Amino acid sequence: MIALSHFNLLAEDAARALLQPCVAIPAWTQALAAGRPYADLSALHHAARELTQTWGRAELEQALSAHPRIGEKPTGAQRHAALSRQEQASVNADDVALAQALKAANARYEARFGRVFLIRAKGRSGEEILQALAQRLTLSDAEETARALGELRDITLLRLEGTIGQ
Ligand code: 2AL
């Protein structure tokens, strides 16, 4: 976590690099870095959220490249892999039945929508995620794209809150 006053003073490339693990959408990181200085955290979060409002299917696909499936905690040392592990910490990796159910449900979702199922995992148990997945399988393509984008916004803004503080 770095202080906002420090973030405001970073060189452009360092500021972008700091933001990059929040979401794999370079246009977002670039614009948020270019919008500095921010007067306070609320101004930063407001700008960060505003910049997510234009996201659509293309941005969702772009971002998914950096999100492992639920139940597949990445082992890499990169910052975004560590964040995914933390976010999925409530998904009990020792529960074999849960792991199998998640694997099957992920496969059904991918066959239906043609992309990885995305959900803000932080604060949700594996069972809650399974229930949400089953509900989202009933949505239309447009409804589900909107839901997935909402989850992506939540993940991104939570990661930002964990990256830059007072
Ligand atoms: C993730 C992830 O890596 N972190 C999170 O909150 N959700 N992945 C996913 N497929 O939903």
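**Domain content and ligand site in a predicted model**

Over residues 9-161, the chain is 62% helix and 0% strand. The C-alpha atoms at the two ends of this stretch are 18 Å apart. The model is predicted. UniProt lists residues 9-161, in an unreviewed entry, as "domain: Oxo-4-hydroxy-4-carboxy-5-ureidoimidazoline decarboxylase".

The ligand site was examined next. The ligand sits in the largest cavity. It is surrounded by 13 residues. Pro68, Ser84, Glu87, Ile119 and Ala121 are the closest of these. By class, seven residues of the shell are nonpolar, three are polar and three are charged.

Polar contacts to the ligand involve both side-chain and backbone atoms. A ligand nitrogen atom lies 2.5 Å from an N or O atom in the side chain of Glu87. A ligand oxygen atom lies 2.8 Å from an N or O atom in the Ser84 side chain. At Ala121 the partner belongs to the backbone: a polar atom there is 2.9 Å from an oxygen atom of the ligand. On its own, the ligand has 290 Å² of accessible area, and the protein covers 100% of it. Ser84, Glu87 and Ala121 thus appear both among the closest residues and in the polar contacts listed above.

The backbone was also examined for cis peptide bonds. Most peptide bonds are trans. The bond that joins Arg36 and Pro37 is cis, with omega at about 0°. Pro37 is placed in the loop between α3 and α4. Helix α3 spans residues 26-34, and helix α4 spans residues 41-50.

Notes
Residues are numbered from 1 along each chain as its sequence is written. This is a predicted model: local features need pLDDT of at least 70, side-chain atom pairs count only at pLDDT 80 or more; totals for chains, interfaces and linings use all residues. Side-chain values use heavy atoms; hydrogens and water are left out. UniProt positions are given in the numbering used here, feature names are shortened, and annotations may be inferred rather than shown by experiment. Helices (H or I, at least four residues) and strands (E, at least two) are DSSP runs, numbered from the N terminus. A residue is near a molecule or strand if one of its heavy atoms lies within 4 Å of it. A polar contact is a pair of N or O atoms within 3.5 Å; within protein, one must be able to donate a hydrogen and the other to accept it, and residues adjacent in sequence count only if both atoms are side-chain atoms. Accessible areas come from the Shrake-Rupley method with a 1.4 Å probe; for residues, only the protein chains shown count as cover. On a 1 Å grid over the protein atoms alone, a cavity is a set of points where a 1.4 Å probe fits but cannot get out, and a pocket is an open set with protein on both sides within 12 Å along at least five of seven lines; lining residues have an atom within 4 Å of a point. A molecule sits in a cavity or pocket if more than half of its atoms lie within 2 Å of its grid points. Ala, Val, Leu, Ile, Met, Phe, Trp, Tyr, Cys and Pro count as nonpolar, Asp, Glu, Lys and Arg as charged, and the others, Gly among them, as polar.
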